[in-house]
Amino acid sequence: MLGIYLSGTGNSKHCVERFVGLLDEKGKTFPIETETVVDEIRKNDFIVVGYPTQFSNAPLMVRDFIREHAGLWRGKKVFCINTMGAFSGDGTGCTARLFKKYGANVLGGLQIKMPDSVCDSKLLKKSFEANQKIIKQADEKIEKWVEKIKEGIYPEEGLNLLNHISGLMGQRVWYLKKTEHYSDKLKISDACIKCGLCQRQCPMNNLVHTGQDKPKQLGRCTMCYRCISHCPVQAITLIGKSVVEQTTYEKFASDNT
Ligand SMILES: Cc1cc2nc3c(=O)[nH]c(=O)nc-3n(C[C@H](O)[C@H](O)[C@H](O)COP(=O)(O)O)c2cc1C
Ligand code: SF4
Ligand code: SF4
């Protein structure tokens, strides 16, 4: 079994690692941007794919990865894991439909509530304790479903027609402009200390850092919030105007691991 994931603040990484680790002790997991990931996919017939929901859609980078490697999926067993702050409708369905189109056998999907990753908006911010509880509940949900999967029963969260309609009408249609192209809206303030961390972390190679000036963006941001949640001086914003709280899975998980 192979797990691949796009993860900005570590939520989807954690869920895929836990799911794969519990189901297959020999299973491996990789970030989707890993250079060798295509070779790894070729070697495995059961692929677990994880990513955050973005406006009830899958990140464009994940959708493009599936489309660009259309020939990889025929005959593969695929399980989709979508993490979310509150609501994703058919977050798993958004990739499941693509996988099916390219000949994969989609076995199921899990939509898992995790801490909100949008560091520059107050909208879904919760207390430290509330986020710890959310992670504990997520882990329990994964464990419960892994036991059922071992008996051959797969969850189908986000995969049916009603989920499709709720994701589409609940959010996706209204936010289409935000998710149909890569973003060029990343802002880097003069607080930047030119450390280069954001460039090294970006899964899209969207940031160019020369060391002389603050990094420049190439308009290829997939809105993962990794650079924003890790910048040591909170210099980066995307949706909002200032960083409210940098959040990562590790910050809330210390008592759970
Ligand atoms: C651009 C963006 C859009 C998001 N849209 C939604 C959303 O529509 N619904 C939701 O519940 N969470 C939304 N979230 C929250 C993330 O899906 C959630 O925190 C996820 O677990 C982050 O996973 P990661 O750490 O693996 O990136 C959004 C996050 C970002 C960065
Ligand atoms: S991580 Fe922050 S401080 Fe470091 S180069 Fe990027 S924007 Fe500047
Ligand atoms: S620029 Fe930042 S938010 Fe955009 S894809 Fe790269 S790491 Fe993610």
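This passage walks through the overall build of the chain, two of its strands and a helix, a buried glycine and two residues with unusual backbone angles.

The model is a predicted one. Its secondary structure adds up to 10 helices and nine strands. The chain has a radius of gyration of 18 Å, close to the 18 Å that the globule rule gives for 257 residues, so it is as compact as a globular protein of that length. Along the principal axes, the C-alpha trace spans about 55 × 40 × 40 Å. Of the 257 residues, 53% are buried. Long-range contacts feature heavily: when contacts between residues at least 6 apart in sequence are taken, 74% of them join residues at least 24 apart.

As for the surface, about 12300 Å² of the chain is exposed, and carbon and sulfur atoms supply 52% of that area. The charged side chains come to 37 positive and 28 negative, with the centres of the two sets lying 5 Å apart.

Strand β3 (residues 46-52) is a good place to start on the inside, since seven of its seven residues are buried. In a regular strand, side chains alternate between the two faces of the sheet. In β3, F46, V48, G50 and P52 point one way, while I47, V49 and Y51 point the other way. Both sets are buried, so neither side of the strand is left uncovered by the under 20% cut-off on relative accessible area.

β3 also has strand partners. It pairs with strand β1 (residues 2-5) in the parallel sense over four bridges, and G3 has V48 of β3 as its bridge partner. Strand β4 (residues 77-84) runs parallel to β3 too, and seven bridges join the two. Within that pairing, I47 is matched with V78 of β4.

Helix α3 (residues 60-68) is mostly covered as well, with seven of its nine residues buried. The buried ones are L60, M61, V62, R63, D64, F65 and I66; the list thus takes in R63 and D64 alongside residues such as L60 and F65. The cover over these residues includes the strands β1 and β3, together with the helices α2 (37-43), α4 (93-101) and α7 (176-179).

G108 belongs to strand β5 (residues 105-113). Its relative accessible area is 0%, so G108 counts as buried. Leaving aside neighbours within four places in sequence, G108 is in contact with V78, F79, C80, Y154, P155 and L159. One of these, V78, is the β4 residue that bridges to I47. R226, by contrast, is 118 residues from G108 in sequence, and the two C-alpha atoms are 27 Å apart in space.

Two loop residues have backbone angles worth a look. Most residues other than glycine have a negative phi. N205 has a positive value, near 50°, and is found in the loop between α8 (197-201) and β7 (207-208). For Y225, phi is also positive, near 75°, and this residue lies in the loop between β8 (216-217) and α9 (226-230). Their surroundings are another matter: N205 has a relative accessible area of 58% and is therefore exposed, whereas Y225, at 4% relative accessibility, counts as buried.

How values were computed
Residues numbered from 1 in each chain as written. Chains lettered and ligands numbered in written order. Predicted model: local features only at pLDDT ≥ 70, side-chain atom pairs only at ≥ 80, totals over all residues. Heavy atoms only, no water. Rg over C-alpha atoms; globule rule 2.2 N^0.38 Å. Buried < 20%, exposed > 50% of the residue type's maximum accessible area, 1.4 Å probe, protein only. Contact = heavy atoms within 4.5 Å. Areas by Shrake-Rupley, 256 points an atom, 1.4 Å probe, with all protein chains shown as cover. Lys, Arg positive; Asp, Glu negative; His and termini not counted. Charge placed at Lys NZ, Arg CZ, Asp CG, Glu CD. Pairing = 2+ DSSP bridges.
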